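Biologist: I am new to this structure and would love a close look at one part of it. Could you walk me through the place where the two chains meet, and what lies in the core there?

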Amino acid sequence: MSDQTHLTNFSGVKKAWPVYITLGNLLSGRCNSPTSMEVLLVALLPIPPKLSKSSKADQHQRQINADTLRDVFELIFASLQDPAHDGVPIDCANGKVRRCFPILAAWIVDHMENVTLHGIKSNSCPRCEVPAVELSTNMKVYLVRDYAIYHHYDYEHWIRETDHADITPESLGIRLGQNVFYGLNRVSLSDLHIPDILHPVYLGLFKHMMDWIQGFLKKHGRLEVFDEVWKALPPYPGFLVPKKAYREVMQWQGKEI
Amino acid sequence: MPNKGPFCRWKYSRPGAYEKHLRNANGNLDIVLACTIKYASSPTTNDNKGSNILPHEGHLRLDSDYESDPDPTRHVYGVFDDISHESDTETLKETVSPLPCKPMLYDGTVKSIADVKGFKQEQSTLCQHPWSPFSSAHGFKLASWFIEGKVHKSRINEYFASGLGNASSAWYSSLHTLDNLLQALDPHSAYLQWNEGQVDDGKRTLPFFYRNVLDCVRYLLRQIAYRDVFVYAPHMEYDTNGQRIYAEMHTADWWWNLQVQPHNPFLSKQSLTETRRHFHQVRRLFRS
């Protein structure tokens with residue numbers, strides 16, 4: 001998992017890009033506990049500066065940055081290449097040595113990092129080839145993205161053979177050859193994208209529903225009553241009692257919801 | 001006085017938890033007994049020792065007030081340490097149970113190939129000197145208090161310099177000696193060494209820092225503190241109605257599917273050099 005982090009406003013705006021790792025062998029109840037120390041910091045990466053889309057020089061620089069990012073991730077995961085395929089003996093906590101296959105199974109990030117890491121457009125799904133105009137609909141099931149095809153085939157040749165002249169990298173929402181995880185053994189690139197509970201559920205569905213409710217209450221003049229009820233919610237195990245009214249909270253964190 | 005379950009060994013001091021246990025565990029006792037009798041008469045019972053744990057027993061552990069109660073899921077993994085089957089699809093077919101509520105474990109995946117060298121000695125040393133590398137509980141607790149209380153470094157030195165701390169019992173008398181002891185506290189900290197790399201984006205060269213991912217995996221797997229929460233094999237778990245339960249990574253499909261499909265064409269071994277060559281070929285094609 002990774003998340004670009006704002007470090008300081010003073011002494012220059014500093015940002016860092018920490019990359020974390022944990023094991024899927026650990027039970028989630030323990031793994032999700034912040035005090036259990038089961039998540040390790042693997043890398044601290046620099047963040048490239050933002051570039052405009054208009055300038056041709058900036059577009060060239062963006063391409064260089066994408067290549068550099070790919071090289072960095074290649075270096076970080078180089079030690080997993082052979083063990084993922086052939087296995088490696090690892091000492092386990094119960095005193096036994098086991099042949100383990102360390103495989104990258106999931107990458108939990110927000111959408112904009114998925115865009116950067118998977119080499120897709122910002123309005124594309126990292127998992128399937130749904131067009132941008134149909135993102136909010138549920139009309140049709142689209143093919144799961146096969147990043148291997150994106151990399152291995154000459155697209156023009158493929159389009160000619162498959163007789164799909166309307167299919168272009170742009171229509172599929174990809175920037176070709178930019179998935180930083182491509183080439184890792186036994187890694188299914190389309191399965192790496194795992195929806196976390198914070199972004200799609202809490203900040204997606206819940207926030208959308210609450211915006212709708214807020215509008216409804218405002219229309220009927222009951223918003224103040226709702227705020228008072230919200231602040232008066234009683235404590236419950238696992239529930240953080242809100243100190244502010246819902247609409248006064250500018251940014252939600254996972255522990256608050 | 002704790003209440004004991006009529007047909008099990010779980011004990012509860014709170015009436016609410018006891019009542020919930022009776023309702024959940026013993027409410028469908030006839031089904032449980034029928035499953036047990038059928039399972040006991042099955043000829044494959046002895047081949048699948050760990051699978052005679054009913055899925056809802058894990059929940060009982062959560063309700064139990066009795067700290068000495070063993071975790072039923074724990075001995076599932078412990079039993080399979082001794083099994084020496086080969087992992088292949090043929091044995092997988094044999095492990096499929098006719099009982100819908102019986103969890104399935106992918107056979108052979110928890111097999112160990114050797115014992116960790118020096119592990120028994122490490123355990124016995126830990127039992128003999130539980131506060132090692134600190135000399136006593138006092139020294140360990142004082143260090144914990146410094147760290148968890150986020151005491152400033154200068155204040156730690158000041159504490160010992162002013163004579164407040166008993167250096168002879170704590171085995172450290174300054175921040176420097178405390179740091180040395182803390183580094184010796186984690187015997188596997190060598191796995192977490194940092195490496196420095198350079199990024200050249202055409203305009204400037206920036207440093208970045210990274211650890212060896214495989215060493216991080218080794219470090220996590222070696223931690224004794226996590227011994228009871230490690231899972232070494234994928235499971236398929238079902239509720240009493242035969243519905244599949246997806247709760248953890250080892251009960252989901254990804255791990256199971258990867259385990260049973262070792263010859264998937266998309267999982268063929270690739271070298272990074274080959275990958276890199278493809279990458280640049282495709283890039284050239286699209287730039288032209």
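Modeller: Happy to; here is a short tour of the contact between the chains, followed by the nonpolar cores. Please keep in mind that this is a predicted model.

Let's start with the contact itself: 55 residues of chain A are in contact with 49 residues of chain B. On the chain A side, the elements that each supply at least two residues include helix H1 (28-31), strand E3 (40-45), helix H3 (81-86) and strand E5 (96-100). Helix H2 (56-76) is another of them, and H2(A) provides the largest share, 8 residues. By type, this side of chain A holds 29 nonpolar, 16 polar and 10 charged residues.

Strand pairing also links the chains. E5(A) pairs with strand E4 (residues 114-115) of chain B, in the antiparallel sense and over 2 bridges. There, Val97(A) stands opposite Ala114(B).

Now for the core. In soluble globular proteins, nonpolar side chains tend to be buried together. The largest nonpolar core here has 45 residues, and Val42(A), Ile76(A), Val213(B) and Val217(B) touch the most other members. From chain A, strand E2 (14-21), E3, H2 and H5 each give two or more residues to this core, as does helix H11 (213-222) of chain B. H11(B) gives the most, with 6 residues.

Val42(A) is a good residue to click on. Setting aside neighbours within four places in sequence, Val42(A) is in contact with Val19(A), Tyr20(A), Ile21(A) and Ile76(A), and also with Tyr210(B), Arg211(B), Val213(B) and Cys216(B). Finally, a second, separate core of 6 residues includes Phe134(B), Ala143(B), Tyr172(B) and Leu178(B).

Notes:
Residues numbered from 1 in each chain as written. Chains lettered and ligands numbered in written order. Predicted model: local features only at pLDDT ≥ 70, side-chain atom pairs only at ≥ 80, totals over all residues. Contact = placed C-beta atoms within 7 Å. Helix = DSSP H or I, 4+ residues; strand = E, 2+ residues; numbered from the N terminus. Nonpolar A, V, L, I, M, F, W, Y, C, P; charged D, E, K, R; others polar. Pairing = 2+ DSSP bridges. Core = buried A, V, L, I, M, F, W, Y, C linked by C-beta atoms within 7 Å. Buried ≥ 20, exposed ≤ 12 C-beta atoms within 10 Å, placed from the backbone.
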